[in-house]
Amino acid sequence: MGVREATGRNDGPVVEAIQDSVNMGNGPWCAAFNFYCYLKAALSHLVPKSAWSPDWVRGATWTRARGGQTPKPGDSFGIYFSSKGRVAHTGLVYRWGDTVLCIEGNTGPTGSVGEADRNGDGVYKKRRSPRQIYAVRNWID
């Protein structure tokens with residue numbers, strides 16, 4: 001946390017390291033952030049090396065529609081955007097409950113779902129309602 005883009009254009013030394021971890025150029029980096037976190041935890045062999053947010057909930061272990069395995073810290077989650085017709089933002093669960101604490105890259109500081117989730121300015125810990133979460137994937141168990 002505390003990572004911010006240098007000029008608000010998906011840039012800056014740490015942001016670029018996050019993007020480089022999945023061999024992507026400049027662009028939205030929420031999914032790359034997930035991979036970077038697993039890489040730093042020496043668990044990158046368990047997860048997709050992907051900058052595509054839908055990949056992070058492929059084979060979901062919990063969905064808003066059907067429930068499933070209770071999400072745990074480190075699980076990846078996806079937020080569905082009807083304007084895109086797909087999961088278009090991802091992050092990591094920090095704590096699951098009546099309120100979900102998440103850690104997310106390329107997002108903004110507010111908890112509401114919107115464009116700032118897909119094109120924010122940094123890494124933030126956020127509070128979300130479980131109703132905002134479309135799907136979760138446990139990659140570790």
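Which side chains meet in a salt bridge at 2.0 Å, N to O? The side chains of aspartate 141 and lysine 72 do so. The legends below describe close-up views of a predicted model.

**View 1. The salt bridge between aspartate 141 and lysine 72.** This pair belongs to a structure that holds 2 salt bridges. Aspartate 141 is located in the segment after strand 7 (135–137), and lysine 72 in the loop between strand 2 (67–68) and strand 3 (76–81), so the contact ties together parts that are 69 residues apart in sequence. Aspartate 141 is exposed, with a relative accessibility of 63%. Lysine 72, by contrast, has a relative accessible area of 32% and is partly exposed.

**View 2. The salt bridge between arginine 128 and glutamate 104.** Here the side chains of arginine 128 and glutamate 104 meet at 2.9 Å, N to O. Arginine 128 is part of strand 6 (residues 122–128) and glutamate 104 is part of strand 5 (residues 100–107); the pair therefore ties together parts that are 24 residues apart in sequence. Are arginine 128 and glutamate 104 buried or exposed? Both residues are buried.

**View 3. The open sheet and the order of its strands.** The sheet is built of 7 strands in the order 2-1-7-3-4-5-6, and the pairing is antiparallel. Strand 2 and strand 6 form the edges, each pairing on one side only. In general, the strands of a sheet pair through backbone hydrogen bonds.

**View 4. The pairing of strand 3 with strand 4.** Strand 3 and strand 4 (residues 86–95) run in the antiparallel sense and pair over 6 bridges. Within this region, serine 76 stands opposite leucine 92 of strand 4.

**View 5. Helix 2 against the sheet.** Which strands does helix 2 lie across? Helix 2 lies across strand 3, strand 4, strand 5 and strand 6. With respect to strand 4, helix 2 runs at about 35°.

**View 6. The surroundings of proline 28.** Proline 28 occupies the loop between helix 1 (13–20) and helix 2 (30–40). Its relative accessibility is 47%, and proline 28 is accordingly classed as partly exposed. Leaving aside residues up to four places away in sequence, proline 28 touches Asn10, Asn106 and Arg118. The C-alpha atoms of proline 28 and valine 15 are separated by 10.0 Å, and these two residues are 13 residues apart along the chain.

Note on methods. Residues numbered from 1 in each chain as written. Predicted model: local features only at pLDDT ≥ 70, side-chain atom pairs only at ≥ 80, totals over all residues. Heavy atoms only, no water. Salt bridge = Lys/Arg side-chain N within 4 Å of Asp/Glu carboxyl O. Helix = DSSP H or I, 4+ residues; strand = E, 2+ residues; numbered from the N terminus. Buried < 20%, exposed > 50% of the residue type's maximum accessible area, 1.4 Å probe, protein only. Contact = heavy atoms within 4.5 Å. Pairing = 2+ DSSP bridges. Axes fitted to C-alpha atoms, helices over the stretch in contact; angles between N-to-C directions.
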